[in-house]
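Here's a short set of exercises to work through with the model open in your viewer. Try each task before you read its solution.

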Amino acid sequence: MKEITHHLPEWLVRSYAAGSLGHAFSLVVATHVSQCDECRARLEAEELAGGVVLETLEAVEASDDLRARVFDGLDEIVAPAPPAPQKAGIYPGALIAEMGSDTPRWRSLGGGIRQAILSADKEGSARLLYIPPGMAVPDHSHTGLELTLVLQGSFSDETGEYGVGDVEVAEDDLDHTPIAGMGEACICLAATSAPLKFNSLLPRLLQPIFRI
Amino acid sequence: MFNTMTIGSDLKSPLPQGMWPGHSGKNMNDSVAASEQRSEGCEQTEWLVAVRDHRDKAAFGRLYDHFTPRLKGMLIRSGMSGAAAEDVVQDVMLTIWRKADLYDESRARASAWIYRIARNRQIDVIRRRPRPVPDEMVIEAESRETHDADAAVSLEQEAVQLREALATLPKSQRDIIERAYVGELTQAEIREATGLALGTIKSRIRLALEKLRHELRDLRDE
């Protein structure tokens, strides 16, 4: 398997560790870390720093009631939590947990392109995209941040080539045309902080319908 | 997985294996020397190991006394009311007790593991949906045992240095770093701080990263 070459930037791992990242981006971070030991180490280093900050924080007195509740709970017999979802095929457990099943609920967008919306809230949205080999994702630019993580196949655009496990971090100003590699269809997890703006008319008209 | 690609792993690694003080194998001298420079964080990790291995309630009591007031402070600072913070702290402390068997001191100090549990629980509660979390690494129990002592010591050394580096920063910079990890900053603010205030402790975090990176690689190779 090809080694992962496009990793999560430091500030993104730090934001995840600190709990400052919205749901959609957190999903990309958790899914990538599931695939990538380098970023797992980066996350553990951030948590080491978080732990150092925590253990030296100013104390805020807790109630006696809390103490009683915790110590009473120690001998309580609780049913073991269900095991965390396991990786299934190309989908890490983090993604299986989000989908609630082993297979995405694909909707066709035309031209062989499919998507499955996983989550959408005011901070952003996450979806899976299925792009047939050699097919271009409609030319689009951004208002905000977009993370695209490859799960199967590959894509390339003006910024480089992305294979399985690679993450593309696209900023406000990037106007790019990702094209799926030949061979297997490209399946990727994409998260955005705002709706994408498409640069050609047809997709722009379709946007409200498909929530691309 | 990495060792099958010798060239690639040499390029990625700034130092060849074996040059790390804590990674020279099962050398007892390393552990003894390092345990002499005990620190507070080291004690916390020992308490957690006692909870894990012996269901030691006295050790749990010490963890409770140390972390409860700080966790409460952290949760309040990241926007929770006192009552909501205590509810989360209750869940966190009981999770520590119940899931201690999952704790691995070769990969995390007690405070780092507790920091993660607190974040997960806090975000589950705030968003009312499970926080996406990375899949656990599947590691053979045997390879875990041979690594624990050295790796834990070497993480501890990094943490001590990091704490010293933080303590010597000007207050304004220290505040920003504290605010970033406590959860008071937005993603955009963390990004900005990463370029500015965090610059001064970044090198320390990177050294800790080197150790963790090696640890994961060793675990994978066994």
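**Exercise 1. Two arginines**

Does B:Arg128 count as buried or exposed, and how many C-beta neighbours does B:Arg128 have inside 10 Å? Then do the same for B:Arg55, and look up phi for both residues.

*Solution.* Keep in mind that this is a predicted model.

Step 1: count neighbours. B:Arg128 has 7 C-beta neighbours inside 10 Å, so B:Arg128 counts as exposed. The cut-off for exposed is 12 or fewer. B:Arg55 has 12 such neighbours, so B:Arg55 counts as exposed too.

Step 2: place them. B:Arg128 sits in the loop between helix 6 (110–127) and helix 7 (141–167) of chain B. B:Arg55 is in the loop between helix 3 (40–54) and helix 4 (57–77) of chain B.

Step 3: check the backbone. Most residues other than glycine have a negative phi. B:Arg128, however, has a phi near 55°, a positive value, and B:Arg55 has a positive phi near 50°.

**Exercise 2. The make-up of chain B**

Work out how many helices and strands chain B has, and what percentage of its residues count as buried.

*Solution.* Step 1: list the elements. Chain B has 10 helices and zero strands, so reading from the N terminus gives α-α-α-α-α-α-α-α-α-α.

Step 2: look at burial. Chain B has 222 residues, and 39% of them count as buried.

Step 3: look at contact range. Take the contacts in chain B between residues at least 6 apart in sequence: 68% of them join residues at least 24 apart.

**Exercise 3. Two buried residues in chain B**

Find which residues B:Tyr115 and B:Ile96 touch beyond their sequence neighbours.

*Solution.* Step 1: start with B:Tyr115, which lies in helix 6 of chain B. B:Tyr115 has 31 other C-beta atoms within 10 Å and is buried, as the cut-off is 20 or more.

Step 2: list its contacts. Leaving out residues up to four places away in sequence, B:Tyr115 touches A:Glu47, A:Gly50, A:Gly51 and A:Leu54. Within chain B, the C-alpha atoms of B:Tyr115 and B:Phe67 are 9.7 Å apart, and these two residues are 48 residues apart along the chain.

Step 3: move to B:Ile96 in helix 5 (residues 82–98) of chain B. B:Ile96 is buried, with 23 other C-beta atoms within 10 Å. Setting aside neighbours within four places in sequence, B:Ile96 is in contact with B:Leu63, B:Ile114 and B:Ile117. The C-alpha atoms of B:Ile96 and B:Ala110 are separated by 9.8 Å, with these positions 14 residues apart along the chain count.

**Exercise 4. Where the chains meet**

How many residues does each chain bring to the contact, and which helix of chain A gives the most?

*Solution.* Step 1: count. Chain A brings 52 residues and chain B brings 64 residues.

Step 2: split chain A's side by element. Helix 1, helix 2 (23–35), helix 3 (37–55), helix 4 (64–73) and helix 5 (93–99) of chain A each supply at least two residues. Helix 3 of chain A gives the most, with 16 residues.

**Exercise 5. A helix pair across the contact**

Describe how helix 9 of chain B packs against helix 1 of chain A.

*Solution.* Step 1: find the buried face. In helix 9 (residues 187–195) of chain B, B:Gln187, B:Ile190 and B:Arg191 are buried. Viewed down the axis of helix 9 of chain B, the buried residues fall within an arc of 105°, so they line one face. The general rule is that an α-helix has 3.6 residues a turn, so residues three or four places apart point the same way.

Step 2: name the partners. These buried residues pack against helix 1 (10–17) of chain A together with helix 8 (171–182) of chain B. From helix 1 of chain A, the residues A:Glu10, A:Trp11, A:Arg14 and A:Ser15 meet B:Gln187, B:Ile190, B:Arg191 and B:Thr194 in helix 9 of chain B.

Step 3: get the geometry. Helix 1 of chain A and helix 9 of chain B pack at about 130°, with axes 9 Å apart. That angle makes helix 1 of chain A oblique to helix 9 of chain B. The crossing is right-handed.

How values were computed. Residues are numbered from 1 along each chain as its sequence is written. Chains are lettered from A and ligands numbered from 1 in the order in which they are written. This is a predicted model: local features need pLDDT of at least 70, side-chain atom pairs count only at pLDDT 80 or more; totals for chains, interfaces and linings use all residues. Helices (H or I, at least four residues) and strands (E, at least two) are DSSP runs, numbered from the N terminus. The arc is that of the directions from the helix axis to the C-beta atoms. Two residues are in contact if their C-beta atoms, placed from the backbone, lie within 7 Å. Axes are lines fitted to C-alpha atoms, for helices over the stretch in contact, and angles run from 0 to 180 degrees between N-to-C directions. Angles under 35 degrees count as roughly parallel, over 145 as roughly antiparallel, 65 to 115 as roughly perpendicular and the rest as oblique. A crossing is left-handed if the near helix is turned anticlockwise from the far one by less than a right angle, and right-handed if clockwise.
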